[in-house]
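Visitor: I have a fold on my screen and plenty of labels to go with it. Could you walk me through how the labels are earned?

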Amino acid sequence: MALGQSPFSNRRLPPRQFRRIPLRLLAPNLVTLLALCAGLTGIRMAFEDRYGLALAAIVFAAVLDGIDGRLARLLKGTSKFGAELDSLSDFVNFGVAPALILYFWGLHDLKSAGWIAAMVFAICAALRLARFNVMVDDPDKPAWASNFFVGVPAPAGAITVLLPIYVALLGLPRSEVLNWLTLVYTLAIASLMVSRLPVFSGKRVGTRVPPEMVGPAVVVAVLFIALLIAYPWIILTAGTLAYLGALPFGYLSHRRYEQRSRETRAEAPPTSPQVAATTVSIVPAADNEDRPSRLN
């Protein structure tokens with residue numbers, strides 16, 4: 001061995017073995033990456049003043065976001081990596097992309113005020129997603145709480161905040177007043193995303209379809225898709241207004257669940273420690289005095 005040469009320089013390390021990843025784990029992540037590509041493409045379309053395609057890209061990303069989670073559960077391909085990737089993709093698709101689209105469309109006319117509104121929306125989307133990731137594994141959450149989101153979810157917030165562009169594409173004349181209304185509306189939707197408002201999730205709606213309703217459900221789905229393609233701005237405007245109008249009903253439904261939960265706890269029988277304490281209190285005094293001697 002030469003002078004100064006390490007005694008370990010000629011030692012060959014065994015090749016690192018990588019575990020093969022099942023295809024069922026890759027499929028949901030590929031859908032998530034496709035959604036991310038759609039969101040980034042929406043930013044490019046807005047930069048090129050092609051707002052119709054930009055909005056279509058955001059809607060397509062929202063549809064894919066609803067598919068990847070269900071696909072992962074169906075294939076039993078959920079993973080921590082997939083959850084983190086989905087969260088980062090949602091921030092870009094439903095936080096950054098809508099904010100930039102609105103800024104390129106009209107908020108840039110308001111100079112710094114418009115840029116601040118766009119930044120606030122993107123930041124609120126990030127906070128909304130971070131809070132969802134923290135609360136998803138809450139062990140103290142009651143079973144009925146899974147029917148509700150805390151605050152407006154990020155995909156719904158992205159579709160909803162683009163309402164000013166929908167109505168502009170329907171023929172509403174552009175003006176400075178519309179730009180200022182867009183700024184206020186953007187801040188309002190951002191505040192709803194980070195609020196504690198209970199929003200009906202609809203996760204359990206349509207999970208089980210009776211056999212006799214399969215045909216009508218398929219017809220309704222095809223009809224909705226056809227209407228969305230033929231009259232996109234009318235359908236998106238009507239859907240956004242209907243969603244905003246339904247928010248109070250979700251709050252009222254959450255209050256009813258809370259009231260029933262409190263009534264159930266009030267009517268529940270005492271727990272075992274309470275029963276044991278009551279039993280000890282009614283034992284005669286003589287028996288209590290004799291208990292130590294028997295224990296000894």
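Guide: Sure, let's begin with helix α9, residues 232-267: its 36 residues reach 51 Å from the first C-alpha to the last, close to the expected 52 Å. Bear in mind that this is a predicted model.

Visitor: What makes 52 Å the expected span of α9?

Guide: The rule is 1.5 Å times one less than the number of residues, and α9 has 36 residues, so 52 Å is expected and the 51 Å in the model comes close to that.

Visitor: Where in α9 is there a kink?

Guide: At Leu-247, shortly before Pro-248, and the kink is about 30°. The angle is taken between axes fitted to the seven residues ending at a position and the seven starting there.

Visitor: Which residues of α9 are buried?

Guide: Among them are Trp-233, Leu-236, Leu-247, Gly-250 and His-254. Leu-247 also touches Leu-192, a residue of helix α7, which covers 176-194.

Visitor: Why is Leu-192 called partly exposed rather than buried?

Guide: Its relative accessible area is 24%. Buried would need a value under 20% and exposed one over 50%, so Leu-192 falls in between.

Visitor: What else does Leu-192 touch, leaving out residues up to four places away in sequence?

Guide: Gly-151, Val-152 and Leu-197, along with Leu-247. There is also Gly-157, 35 residues from Leu-192 along the chain, with 8.3 Å between the two C-alpha atoms.

Visitor: On to charges. How many salt bridges does a search of the whole structure find?

Guide: Three. As background, side chains of opposite charge can pair when their charged atoms come close.

Visitor: How do you know that Glu-48 and Arg-44 form a salt bridge?

Guide: The N to O distance is 2.9 Å. The cut-off is within 4 Å, so the pair qualifies. Arg-44 is exposed at 51%, as the bar is over 50%, whereas Glu-48 is partly exposed at 32%.

Visitor: What makes Arg-44, Glu-48 and Arg-50 a network?

Guide: Glu-48 has a salt bridge with Arg-44 and one with Arg-50, where the closest N and O atoms are 3.0 Å apart. That links the three residues. Arg-50 has a relative accessibility of 38%, so this residue counts as partly exposed.

Visitor: Why do Glu-84 and Lys-80 count as a salt bridge?

Guide: Their closest N and O atoms are 4.0 Å apart, and the criterion is within 4 Å, so the pair is counted. The two sit four residues apart in helix α3, residues 80-105, so about one helical turn separates them. Lys-80 is exposed at 66%, while Glu-84 is partly exposed at 42%.

Visitor: What is notable about phi at Asp-49?

Guide: Phi is near 60° there, a positive value in a residue other than glycine. Asp-49 lies in the loop between α1 and α2, and its relative accessible area of 55% is over 50%, so the label is exposed. Lys-111 also has phi near 60°; that residue lies in the loop between α3 and α4 and is exposed at 62%.

Visitor: Now the interior. Which residues touch the most other members of the largest nonpolar core?

Guide: Ile-101, Leu-162 and Tyr-166, in a core of 49 residues. Elements giving two or more residues to this core include α1, α2, α3, α4, α7 and α9. Leaving aside neighbours within four places in sequence, Leu-162 is in contact with Leu-55, Ile-58, Pro-98, Ile-101 and Leu-102.

Visitor: How many helices and strands are there in the chain?

Guide: 11 helices and two strands. Of the 296 residues, 33% count as buried. Among contacts with a separation of 6 or more, 82% join residues 24 or more positions apart.

Visitor: What is the mean pLDDT of the chain?

Guide: It is 80, and 76% of the residues reach 70 or more. Over residues 274-296, though, pLDDT is below 50, and beyond near neighbours in sequence that stretch has four contacts in the model. Where pLDDT is low, the predicted coordinates should not be read in detail.

Definitions and conventions. Residues are numbered from 1 along each chain as its sequence is written. Side-chain values use heavy atoms; hydrogens and water are left out. A salt bridge is a side-chain nitrogen of Lys or Arg within 4 Å of a carboxyl oxygen of Asp or Glu. Buried means under 20% relative accessible area, exposed over 50%, partly exposed in between (1.4 Å probe, protein chains only). Contact means heavy atoms within 4.5 Å. pLDDT is the predictor's confidence in each residue, from 0 to 100. A nonpolar core is a set of buried Ala, Val, Leu, Ile, Met, Phe, Trp, Tyr and Cys residues joined through side-chain atoms within 4.5 Å.
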